[in-house]
Amino acid sequence: MNQNEKGEMRERQLDVKPMQDGDLVESLTRDIGECQSVCLALGPYRNLTTLTAATLFLHPNCQVLNHAGSRIYGNTEVDFLADYSRERFDRFIQFAIQ
């Protein structure tokens with residue numbers, strides 16, 4: 001099974017939709033000028049991740065992106081972890097707060 005097939009199988013298992021081009025285009029209009037920090041909280045899969053994300057979401061200045069790996073990882077437009085650039089990082093933030 002190749003990487004693409006694994007990703008498609010995982011999307012079906014998670015019931016997650018891949019990022020559409022329109023999602024990225026729409027996110028580019030987001031003003032991220034006031035964003036001062038980004039925290040990647042990586043943890044155990046499933047219930048604990050959801051519980052952690054829900055707790056973080058309670059903070060009024062915190063935007064949580066939960067279970068979005070299949071929409072971000074491998075997408076060269078927003079996956080700043082695979083190949084960092086400031087432009088890609090900014091696009092990730094814009095997409096995350098959409």
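Student: Which residues are linked in a network of salt bridges?

Tutor: Glu77, Glu87 and Arg91 are linked that way. Keep in mind that this is a predicted model.

Student: How many salt bridges does the structure hold?

Tutor: Four. One of them joins the side chains of Arg91 and Glu77, at 3.6 Å from N to O.

Student: Where do Arg91 and Glu77 lie?

Tutor: Arg91 is in helix 5, and Glu77 is in the loop between helix 4 and helix 5, so the pair ties together parts that are 14 residues apart in sequence.

Student: Arg91, buried or exposed?

Tutor: Buried, with a relative accessible area of 13%. Glu77, its partner, is partly exposed at 34%.

Student: What does Arg88 form a salt bridge with?

Tutor: Asp83. The closest N and O atoms of Arg88 and Asp83 are 3.8 Å apart. Arg88 also counts as buried, at 14% relative accessibility.

Student: And Asp90, which residue does it form a salt bridge with?

Tutor: Arg86, with the closest N and O atoms 3.1 Å apart. Asp90 and Arg86 are both in helix 5, four residues apart, which puts about one helical turn between them.

Student: Why would residues four places apart point the same way?

Tutor: An α-helix has 3.6 residues a turn, so residues three or four places apart point the same way.

Student: Is Arg86 buried or exposed?

Tutor: Exposed, with a relative accessible area of 54%. Asp90 counts as partly exposed, at 22% relative accessibility.

Student: Back to helix 5 as a whole. How many of its residues are buried?

Tutor: Eight of the eleven, so helix 5 is largely enclosed by the rest of the structure.

Student: Which ones are buried?

Tutor: Arg88, Phe89, Arg91, Phe92, Ile93, Gln94, Phe95 and Ala96. For the protein, 24% of the 98 residues count as buried.

Student: What about the rest of the fold? How many helices and strands are there?

Tutor: Five helices and zero strands. From the N terminus on, the order is α-α-α-α-α.

Student: Which helix has the lowest mean pLDDT, and which the highest?

Tutor: Among the elements of the protein, helix 1, residues 3–14, has the lowest at 52. Helix 5, residues 86–96, has the highest at 91.

Student: What is the mean pLDDT of the protein?

Tutor: It is 78, and 77% of the residues reach 70 or more.

Student: Where is the pLDDT below 50?

Tutor: Over residues 10–17. Beyond near neighbours in sequence, that stretch has ten contacts in the model. Where pLDDT is low, the predicted coordinates should not be read in detail.

Student: New topic, cysteines. How many disulfides does a search of the whole structure find?

Tutor: Zero. Cys39 is in no disulfide, and the nearest cysteine sulfur, that of Cys62, is 7.6 Å away. A disulfide would need the pair of sulfur atoms within 2.5 Å.

Student: And is Cys39 buried or exposed?

Tutor: Exposed, with a relative accessible area of 67%. Cys62 counts as partly exposed, at 28% relative accessibility.

Student: Which residues form a nonpolar patch on the surface?

Tutor: Val38, Leu40, Leu42, Tyr73 and Leu81. Together these five have about 520 Å² of accessible area.

Student: Where is Leu81 placed?

Tutor: Leu81 is in the loop between helix 4, residues 69–72, and helix 5.

Student: What does the accessible surface of the protein come to?

Tutor: About 7500 Å². Carbon and sulfur atoms account for 51% of that surface.

Student: Last topic, residues far apart along the chain. Among contacts between residues at least 6 apart in sequence, what percentage join residues at least 24 apart?

Tutor: That figure is 55%. As a separate example of positions distant in sequence, take Leu24 and Gln98, which are 74 residues apart along the chain. Their C-alpha atoms are separated by 9.1 Å.

Student: Which helix does Leu24 lie in?

Tutor: Helix 2, which covers residues 21–27.

Student: Buried or exposed, that Leu24?

Tutor: Leu24 is buried, with a relative accessible area of 11%.

Note on methods
Residues are numbered from 1 along each chain as its sequence is written. This is a predicted model: local features need pLDDT of at least 70, side-chain atom pairs count only at pLDDT 80 or more; totals for chains, interfaces and linings use all residues. Side-chain values use heavy atoms; hydrogens and water are left out. Buried means under 20% relative accessible area, exposed over 50%, partly exposed in between (1.4 Å probe, protein chains only). pLDDT is the predictor's confidence in each residue, from 0 to 100. Helices (H or I, at least four residues) and strands (E, at least two) are DSSP runs, numbered from the N terminus. Contact means heavy atoms within 4.5 Å. Patches are made of residues with over 30% relative accessible area and no salt bridge: like charges are joined within 9 Å, nonpolar side chains (Val, Leu, Ile, Met, Phe, Trp, Tyr) within 5 Å. Accessible areas come from the Shrake-Rupley method with a 1.4 Å probe; for residues, only the protein chains shown count as cover.
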